[in-house]
Amino acid sequence: MATNSVALLILALLSICIGSVLADWNILNQIKSNSNSLKNYCESWRINVEVNNIREFDVVPQECINHIKKYMTSAQYIADSERSIEEIRLYLTSCCSLQADGKDAWIFDVDDTLLSTIPYYKKHAFGGEKVNASSLEAWMKSSKAPGLEHTLSLFNEIKNKGVKIFLVSSRRETLRSNTVDNLIDVGYHGWTGLQLRGLEDEHMKVQQYKCEQRKRLVNNGYRIWGILGDQWSSIQGLPTAKRTFKLPNSMYYIS
Ligand SMILES: *[C@@H]1O[C@H](CO)[C@@H](O)[C@H](O)[C@H]1NC(C)=O
């Protein structure tokens, strides 16, 4: 009898303890409790976007807008991008048996790979507002996107190796002249192809459209040694390149 009541008492105490532990683990309580937890929460959201665990988000979570703004305008964003470029340089030292037959190729994205859309997103909550395609295209038409210096250096190094450069973008064909003007204005020139989305490509998801462009290159005898993009849809799917590299971008997700 006595043993039973002791056991009951222990059980009761245990359930009280478990209850309070569970309450502590409620993520909302954690977030409200201090701003450091919010920072952890938003940084883990960002990292999980980068490694493609979080997909197809429409907007940056409202509570993380400030965190994403800080990151995208930080020295860390630049350092992370420069590190990606350094890894490509390292790869290029021994990756590829370049044939100098005009069939070695490298693919770049345009937005947030060669050009920065940060000035646009600065006015649109760093991805915290749902993308408005017409206002984004109006901004692209102005040809005022700044170049990303780290990628420009790499672009020139790859070009100087005699590798053909193909730009494959989900921008629409109607933006061609504005895009070319913008690229030349910030220092890019000498690419072999600039592929934009025509009307016939608009029924496809961007990833499929980009695969189709690579298929076309491979069918024309090109060896694609690498791709540099800021979106997973630029580097996933077949045919692929020998290696792919991703730049950070936590403001939007294009599938
Ligand atoms: C999208 O942007 C355009 C042009 O800036 C504006 O006229 C329109 O109202 C916007 N649409 C929405 C849904 O916000």
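**Ligand shell, nonpolar cores and helix 9**

In this predicted model, the residues surrounding the ligand are Asn132, Ser134, Ser135 and Ala138. The shell around the ligand comprises three polar residues and one nonpolar residue, with no charged residues.

Away from the ligand shell, the nonpolar cores were examined. The largest nonpolar core contains 27 residues, and Ala105, Trp106, Ile107, Phe108 and Leu114 have the most contacts inside it. Two or more residues of this core come from each of strand 1 (104–108), helix 8 (149–160), strand 2 (164–172) and strand 4 (223–229). A second core, separate from this one, has ten residues, among them Cys42, Val60, Phe126 and Met251. When residues up to four places away in sequence are left out, the contacts of phenylalanine 108 are Thr113, Leu114, Phe155, Ile165, Leu167 and Leu228.

Helix 9 was considered next. This helix spans residues 176–185, and its buried residues are Thr179, Asn182 and Leu183. Viewed down the axis of helix 9, the buried residues lie within an arc of 95°, and therefore line one face of the helix. These buried residues of helix 9 pack against strand 2. Strand 2 is also one of the elements that give two or more residues to the largest nonpolar core. On the other side of helix 9, the exposed residues are Ser177 and Ile184. Just after helix 9, glycine 187 adopts a positive phi of about 115°.

How values were computed:
Residues numbered from 1 in each chain as written. Predicted model: local features only at pLDDT ≥ 70, side-chain atom pairs only at ≥ 80, totals over all residues. Near = placed C-beta within 6 Å. Nonpolar A, V, L, I, M, F, W, Y, C, P; charged D, E, K, R; others polar. Core = buried A, V, L, I, M, F, W, Y, C linked by C-beta atoms within 7 Å. Buried ≥ 20, exposed ≤ 12 C-beta atoms within 10 Å, placed from the backbone. Helix = DSSP H or I, 4+ residues; strand = E, 2+ residues; numbered from the N terminus. Contact = placed C-beta atoms within 7 Å. Arc of directions from axis to C-beta.
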